[in-house]
Amino acid sequence: MSTVTGSWKPHPGGAARATARPWPLRHWLVLVAGLAAPLLVALALVPFRTSLSHTNAALVLVVVVVAVAALGSRTAGAVAALSAAAWFDFFLTRPYETFDITASADIETAVLLLAVGLIVSQLAARARRLEVITVTDAGYLARIHTTADLARSARSADTVVDHVRRELTDVLGLRTCRFEYGTLLGQPPRLHDDGSVTVGKRSWDVDAAGWPEREIELRTYGNGHYLGRFMLTPGPGPVPPLQARLVAVTLADQTGSALDTAGPVRNG
């Protein structure tokens, strides 16, 4: 069974190719916060700048950077780190309200603030991404577990094939999906066990070029013997990532087990 991670949802209004989607409003708001929050905090520290050590002021600004990165993205965290370093220099180091620093210790603190801010923003964003991956993995594993249970308990292989057709349509964002038993006519593009795609004998960069503009076969095997194939018609959304394609391959493998046990099914 393939190991899968990550998340993907088919996008009904998207292009058939893998394209960059515009950021949602929330991301833009967090990006603005990355610019503005360090400025506001630095301004709040101005009345205390003669009594507050520069190290402590820098630590306060690092906390702001972490908060922005945790709520947003690496980009927002990096912007917050740059903003924090700039306003630390402008408001909290002598000469005040200029971007000049005269003390070498203050220069070191500003550089460390920028470096630490960039590092922790990356870590915070990565931790947030891993949390999303964990939730998504649970969904993928639930699909695989449900299909495995059905393959063991179903009295008819038809039931398993119909179930997997629906699952493949959902996981890969397909327009249609049909099953052919024991047929290898033609040379359609093929989705392989490792999630890659070939067209004829050529490797096809599905992540960069999108799905081939034809039906794509996903073969099923039982005890090493070819039993049938799902014929996939891509939908209008973006190309599913490698993780989703690996889930599809795993579901097809479970169909092969059911077919090997129960025998042929009708064409779907």
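Leucine 25 counts as exposed, because its relative accessibility is 63%, above the 50% that marks the exposed class. This residue belongs to a predicted model, whose protein chain contains seven helices and six strands. Of the 268 residues in the protein chain, 41% are buried, and the points below move from the surface around leucine 25 to the strands, the nonpolar cores and the salt bridges.

**The chain as a whole**

- Followed along the sequence, the helices and strands of the protein chain come in the pattern α-α-α-α-α-β-β-β-β-α-β-β-α.
- The protein chain exposes about 14100 Å² of surface, and carbon and sulfur atoms supply 61% of that area.
- When contacts between residues at least 6 apart in sequence are considered, 73% of them join residues that are at least 24 apart.

**A nonpolar patch on helix α1**

- Leucine 25 is part of helix α1, which covers residues 25–45, and tryptophan 28 also has its place in helix α1.
- Together with Leu29, the residues Leu25 and Trp28 form a nonpolar patch on the surface, and the accessible area of the three together is about 370 Å².
- Tryptophan 28 counts as partly exposed, because its relative accessibility is 47%, whereas leucine 25, at 63%, counts as exposed.
- Although tryptophan 28 and alanine 76 are 48 residues apart along the chain, their C-alpha atoms are separated by 8.7 Å.

**Strand β6 and its two partners**

- Strand β6, made of residues 225–234, is largely enclosed by the rest of the structure, because seven of its ten residues are buried.
- Strand β1, residues 174–181, pairs with β6 in the antiparallel sense over seven bridges, and within this pairing tyrosine 181 has glycine 228 of β6 as its bridge partner.
- Strand β5, residues 216–222, also runs antiparallel to β6, and seven bridges join the two.
- In the pairing of β5 with β6, leucine 218 has phenylalanine 230 as its bridge partner, while threonine 220 stands opposite glycine 228.
- Strand β5 is itself mostly covered, since five of its seven residues are buried.
- The hairpin of β5 and β6 has two residues between the strands, and asparagine 223 there takes a positive phi near 55°.

**Two nonpolar cores**

- In soluble globular proteins, nonpolar side chains tend to be buried together.
- The largest nonpolar core here has 30 residues, of which Leu168, Leu191, Leu218, Phe230 and Leu232 touch the most other members.
- Two or more residues of this core come from each of the elements α4 (104–153), α5 (157–172), β1, β5, β6 and α7 (242–262).
- Helix α7 gives the largest share of this core, namely eight residues.
- A second core, separate from the largest one, holds 21 residues, among them Ala57, Ala58, Leu92 and Ala110.

**Salt bridges**

- Side chains of opposite charge can pair when their charged atoms come close.
- A search of the whole structure finds ten salt bridges, one of which is formed by the side chains of arginine 143 and aspartate 170, with 2.5 Å from N to O.
- Because arginine 143 lies in helix α4 and aspartate 170 in helix α5, this pair ties together parts that are 27 residues apart in sequence.
- Aspartate 170 is partly exposed, as its relative accessible area is 37%.
- Another salt bridge links glutamate 180 with arginine 178, whose closest N and O atoms are 2.6 Å apart.
- Within that second pair, glutamate 180 is buried, with a relative accessible area of 13%, whereas arginine 178 is partly exposed, with a relative accessible area of 29%.
- Arginine 219 and glutamate 217 also meet through their side chains in a salt bridge, at 2.9 Å from N to O, and glutamate 217 counts as buried because its relative accessibility is 2%.
- Salt bridges that share partners join Arg178, Glu180, Glu215, Glu217, Arg219 and Arg229 into one network.

Technical notes
Residues are numbered from 1 along each chain as its sequence is written. This is a predicted model: local features need pLDDT of at least 70, side-chain atom pairs count only at pLDDT 80 or more; totals for chains, interfaces and linings use all residues. Side-chain values use heavy atoms; hydrogens and water are left out. Patches are made of residues with over 30% relative accessible area and no salt bridge: like charges are joined within 9 Å, nonpolar side chains (Val, Leu, Ile, Met, Phe, Trp, Tyr) within 5 Å. Accessible areas come from the Shrake-Rupley method with a 1.4 Å probe; for residues, only the protein chains shown count as cover. A salt bridge is a side-chain nitrogen of Lys or Arg within 4 Å of a carboxyl oxygen of Asp or Glu. Helices (H or I, at least four residues) and strands (E, at least two) are DSSP runs, numbered from the N terminus. Buried means under 20% relative accessible area, exposed over 50%, partly exposed in between (1.4 Å probe, protein chains only). Two strands pair if DSSP finds at least two bridges between them. A nonpolar core is a set of buried Ala, Val, Leu, Ile, Met, Phe, Trp, Tyr and Cys residues joined through side-chain atoms within 4.5 Å. Contact means heavy atoms within 4.5 Å.
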